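Biologist: Could you take me through one part of this model up close? I'd like to hear about the metal site and what surrounds it, and then whatever else fits.

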Amino acid sequence: MRMSEIDKSNYSAEPLIYGRDECGKFQGLISKAALTVIEKLNKGGYNGYLVGGAVRDILLGKTPKDFDIATDARPEQVVALFKNSRMIGRRFRIVHVRLGREIIEVATFRAAHSQSSASAKTSTDGQLLRDNVYGRFEDDVWRRDFTINALYYDIRDSSVIDYVGGVRDLRSNILRLIGDPEVRYREDPVRMLRAIRFAAKLNFKITPSASIPISSLAYLLQEISPARLFDESLKLFSSGYAYDCYKGLVEHDLFRHLYSVGGELNQSDSFDNKFVLSALENTDRRIKDGKSVNPAFLIAVFLWSTMQRYYSEYQRNGLPARVALLNASDRTISAQITQLSIPKRLTLAVREIWELQSRFFKRTPKRANRLYYHPRFRAAYDFLVLRSVNEADLKVLGDWWTLYQEVDETQRKNLFGEIETH
Ligand code: ATP
Ligand code: MG
């Protein structure tokens with residue numbers, strides 16, 4: 001399906017141009033590095049525009065996270081202009097320009113790719129492959145996903161160029177796909193995940209025609225490489241809107257295409273799992289408070305019910321607890337990484353969080369002390385406390401460990417005395 005098949009009769013042939021008065025202040029909000037890149041492109045005789053998320057976020061009064069630039073300069077020409085730059089991507093080359101600590105992504109205008117199915121489009125390393133068809137400004141607009149992501153800012157006259165009604169949609173809090181949603185999802189199923197993420201992050205409503213087809217096309221995510229899916233899942237759950245993303249994913253039947261192991265529906269794939277919901281709320285709160293989050297924590301939460309199911313199965317079959325736990329962890333994780341390629345450092349952390357759970361029960365002074373100094377203690381303790389929202393009998397244990405951390409040495413001794421007398 002060629003993108004040129006998008007029915008553009010729904011759109012005006014001429015773009016809407018919003019001047020300085022209508023789109024507010026940009027200049028101070030664009031990073032110095034991004035400005036430098038655009039200025040240099042323009043001086044070099046090319047056209048460089050700020051595009052995508054940065055334009056969207058500035059128009060919404062938010063601080064952009066990164067700056068994407070679109071240009072009519074070919075990648076080789078961009079590289080020739082900037083000393084610290086290099087081409088990335090295999091079939092479609094994007095240029096990364098490094099200025100100080102920042103990396104600015106510069107993409108040459110291109111027309112839509114011409115492959116007919118999504119299956120052939122991701123390489124083994126998860127890169128989205130596109131045909132190497134450079135295009136004009138007008139072509140570049142139509143290959144983008146949502147109208148609000150297809151706005152171009154021109155620093156020369158401080159204007160926003162809008163071919164697709166993106167500014168109107170921004171003002172009405174609407175997330176609208178460019179073109180026929182079903183066609184666009186088939187072309188790149190990851191757009192379904194992006195729809196959920198942007199709707200959650202911006203608190204926008206997905207248009208019905210873009211929302212309705214998702215659940216029946218969700219299976220297309222199976223064609224996406226586990227590496228790319230993992231990247232997307234990180235963005236979904238570390239956006240600060242993990243709770244809303246999760247809700248959107250479950251509602252649209254997408255979550256199980258990220259986290260479902262052993263072919264069975266994961267028990268966490270529901271709204272009424274308080275454990276999962278509280279973990280998501282916690283994660284969002286931490287991000288809002290400027291604290292760090294380790295993605296391993298949520299992964300451990302998502303996979304917990306499956307791991308537990310295997311664990312009980314192995315124990316019923318007569319394996320000792322420790323071995324049963326190791327086997328259950330292995331089985332859960334090896335199944336999961338065929339779906340999402342979770343890096344080893346994270347799966348190791350997930351295993352540790354699980355493994356430490358049983359050690360919280362063994363409360364002798366020596367063992368408690370050793371556990372307390374385990375590098376994964378804090379995450380495992382948080383995990384234990386969260387579990388008590390579903391498993392009420394863990395509440396007493398969680399409270400004990402809370403106290404343990406708060407009191408001094410002498411009081412700590414009394415804590416053990418209490419266990420022994422009970
Ligand atoms: P953020 O960076 O805040 O996640 P963004 O909109 O900048 O949001 P990027 O992934 O950085 O998202 O992509 C930059 C731009 O490239 C998007 O705004 C969009 O125009 C285009 N784009 C990215 N991914 C796709 C896709 N899968 N299909 C079509 N266009 C895309
Ligand atoms: Mg971006």
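Modeller: Let's start with Asp 68, which has 24% relative accessibility and therefore counts as partly exposed, since that class runs between 20% and 50%. Bear in mind that this is a predicted model. Asp 66 falls in the partly exposed class too, because its relative accessibility is 35%. Those two aspartates are the protein donors of the magnesium ion, ligand 2: each gives an OD atom, and the distances to the ion run from 2.4 to 2.7 Å.

Asp 66 also leads us over to ligand 1, as an N or O atom in the Asp 66 side chain sits 3.5 Å from an oxygen atom of that ligand. So what else is around ligand 1? There are 18 residues surrounding it, and the closest are Arg 56, Arg 144, Asp 188, Arg 191 and Arg 197. Take Asp 188 from that group: one of its polar side-chain atoms is 2.8 Å from a nitrogen atom of ligand 1. Lys 201 points a polar side-chain atom at an oxygen atom of ligand 1, with 3.3 Å separating the pair.

Away from the ligands, a couple of buried residues are worth a stop. His 96 is part of strand β5, which spans residues 94–99. Its relative accessibility is 19%, so His 96 counts as buried, the cut-off being under 20%. The His 96 side chain has a polar contact at 3.2 Å with the side chain of Glu 105. Phe 146, on the other hand, belongs to a loop, the one between α5 (137–142) and β7 (151–154). With a relative accessible area of 0%, Phe 146 is buried. From Phe 146 to Ile 174 you count 28 residues along the sequence, while their C-alpha atoms are 9.7 Å apart in space.

Last, have a look at the second largest pocket, whose volume is about 660 Å³. Its lining has 32 residues, and nearest the centre you'll find Thr 283, Arg 286, Val 293, Phe 297 and Asp 382. Several helices contribute at least two lining residues each: α11 (226–237), α13 (274–288), α14 (295–316), α16 (344–359) and α18 (377–387). Sorted by class, the lining of this pocket comes out as 19 nonpolar, six polar and seven charged residues.

Notes:
Residues numbered from 1 in each chain as written. Chains lettered and ligands numbered in written order. Predicted model: local features only at pLDDT ≥ 70, side-chain atom pairs only at ≥ 80, totals over all residues. Heavy atoms only, no water. 1 Å grid on protein atoms, 1.4 Å probe; cavity = no way out; pocket = protein on both sides within 12 Å on 5 of 7 lines; lining within 4 Å. Points joined across faces, edges and corners; volume = space filled by probe spheres on them. Helix = DSSP H or I, 4+ residues; strand = E, 2+ residues; numbered from the N terminus. Nonpolar A, V, L, I, M, F, W, Y, C, P; charged D, E, K, R; others polar. Donors = N, O, S within 2.8 Å, 3.2 Å for Na, K, Ca; no water. Buried < 20%, exposed > 50% of the residue type's maximum accessible area, 1.4 Å probe, protein only. Near = heavy atom within 4 Å. Polar contact = N/O pair within 3.5 Å; in protein donor to acceptor, adjacent residues only side chain to side chain.
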